[in-house]
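Reader: I would enjoy a close look at one part of this model, its aromatic side chains, and then at what surrounds them. Could you take me through it step by step?

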Amino acid sequence: MSKLKVAAVADLHVKEDRSRSVSYTDLFAEVSRAADVLVIAGDLTDLGKPAEAELLAADLKSCTIPVVAVLGNHDHQCDAVEEVSSILVKAGVHLLDGQSIEIAGVGFCGTKGFIGGFGRHMLGAFGEAAIKTMVGTSVDEAIRLENALRATRAERALVVLHYSPIPETVAGEPKEIYPFLGSSRLAETIDRFKVSAVVHGHAHKGAYQGKTPGGAPVFNVAAHVEKPTGRPYAILEL
């Protein structure tokens, strides 16, 4: 079985004001030469504005390989998720929100994920309604991921998240904000399946690599995190 080269990056934060944001045209062209598939693990836009999504869609014209993505928290900021998603899908992006897609024998299973904390420090659904709602959202995202993993029939699976499933890849961020960077509920779901690798973003100052308790490799592919490629994106061979 031939290996599939996946370029993975997150946290592009495309801004409406081009004087404050870079163009990714050259980077996407470079990725197209280096990999078979591009994965973007959330925060494609800076404020979730349709105009930002349009700029990203224009940049993606230089990408000649399939693009798989999930949204991040920044992509929700302006409450225009449907419009932003529509623009990206029309640009050819396979946008996952609890679904999976198979490309060249690899199942890409994705959802945004959510906050909640890790291990024995994970937030429980106790007390005020707001806390219960927050935990309920975290559980719902884990269920979305489970649905995506159950849907794929591929022997190799890549999980695409924005929030981290483990604390190891957020190490470097202030410990006080760890609960807002991911949730162990995601790792618990991942470890019930055969998963080749996991990618996420969100933790700009985090660490590149870690593992779930069950041994699935996890990579923080935020553009700001140093990677073995020396580039903003990682290359994974699946």
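How many aromatic pairs does the count come to?

Author: Happy to. The model is predicted, so to speak with due care: local features need pLDDT of at least 70, side-chain atom pairs count only at pLDDT 80 or more, and totals for chains, interfaces and linings use all residues. Residues are numbered from 1 along each chain as its sequence is written, and side-chain values use heavy atoms, with hydrogens and water left out.

Rings of Phe, Tyr and Trp (its six-membered ring) pair if their centres lie within 6.5 Å; planes under 30 degrees apart are stacked, over 60 edge-to-face, and the rest tilted. By that rule there are 3 aromatic pairs. One of them joins F114 and Y163 edge-to-face, with 6.1 Å between the centres and 65° between the planes. These partners sit 49 residues apart, in distant parts of the chain: F114 belongs to the loop between β6 (106-110) and α4 (129-151), Y163 to the loop between β7 (156-160) and α5 (184-190). Helices (H or I, at least four residues) and strands (E, at least two) are DSSP runs, numbered from the N terminus. F114 is buried at 18% relative accessible area, and Y163 is buried at 5%; buried means under 20%, exposed over 50%, and partly exposed in between, for a 1.4 Å probe and protein chains only.

Another pair, Y208 with F219, is tilted, at 5.3 Å centre to centre and 50° between the planes. Y208 lies in the loop between β8 (197-200) and β9 (209-211) and F219 in strand β10 (217-220), so this pair ties together parts 11 residues apart in sequence. Y208 and F219 are both buried.

Several of these strands meet in one sheet. It is open, holds 6 strands in the order β5-β6-β7-β8-β10-β9, and has mixed pairing; two strands pair if DSSP finds at least two bridges between them. At the edges stand β5 (99-103) and β9, each with a single partner strand, so one side of each has no neighbour in the sheet. On average, neighbouring strands are turned by 25° against each other, direction ignored. Within the sheet, β7 and β8 pair in the parallel sense over 3 bridges, and L158 stands opposite A197 in β8. Helix α4 packs on the sheet, touching β5, β6 and β7, and its direction makes about 165° with that of β6. Contact here means heavy atoms within 4.5 Å, while axes are lines fitted to C-alpha atoms, for helices over the stretch in contact, with angles from 0 to 180 degrees between N-to-C directions.

F219 leads on to the nonpolar cores, which are sets of buried Ala, Val, Leu, Ile, Met, Phe, Trp, Tyr and Cys residues joined through side-chain atoms within 4.5 Å. The largest has 27 residues; L12, F28, L38, I40, L56, L60 and L88 touch the most other members. At least two residues of this core come from each of β1, α1, β2 (37-41), α2 (50-59), β3 (67-70) and α3 (81-90). Apart from it lies another core, of 25 residues, and F219 is among them, as are A10, V106 and L238.

One last stop is D11, in the loop between β1 (5-9) and α1 (25-34). D11 counts as buried, at 2% relative accessibility. Its C-alpha atom is 6.4 Å from that of G201, although the two are 190 residues apart along the chain.
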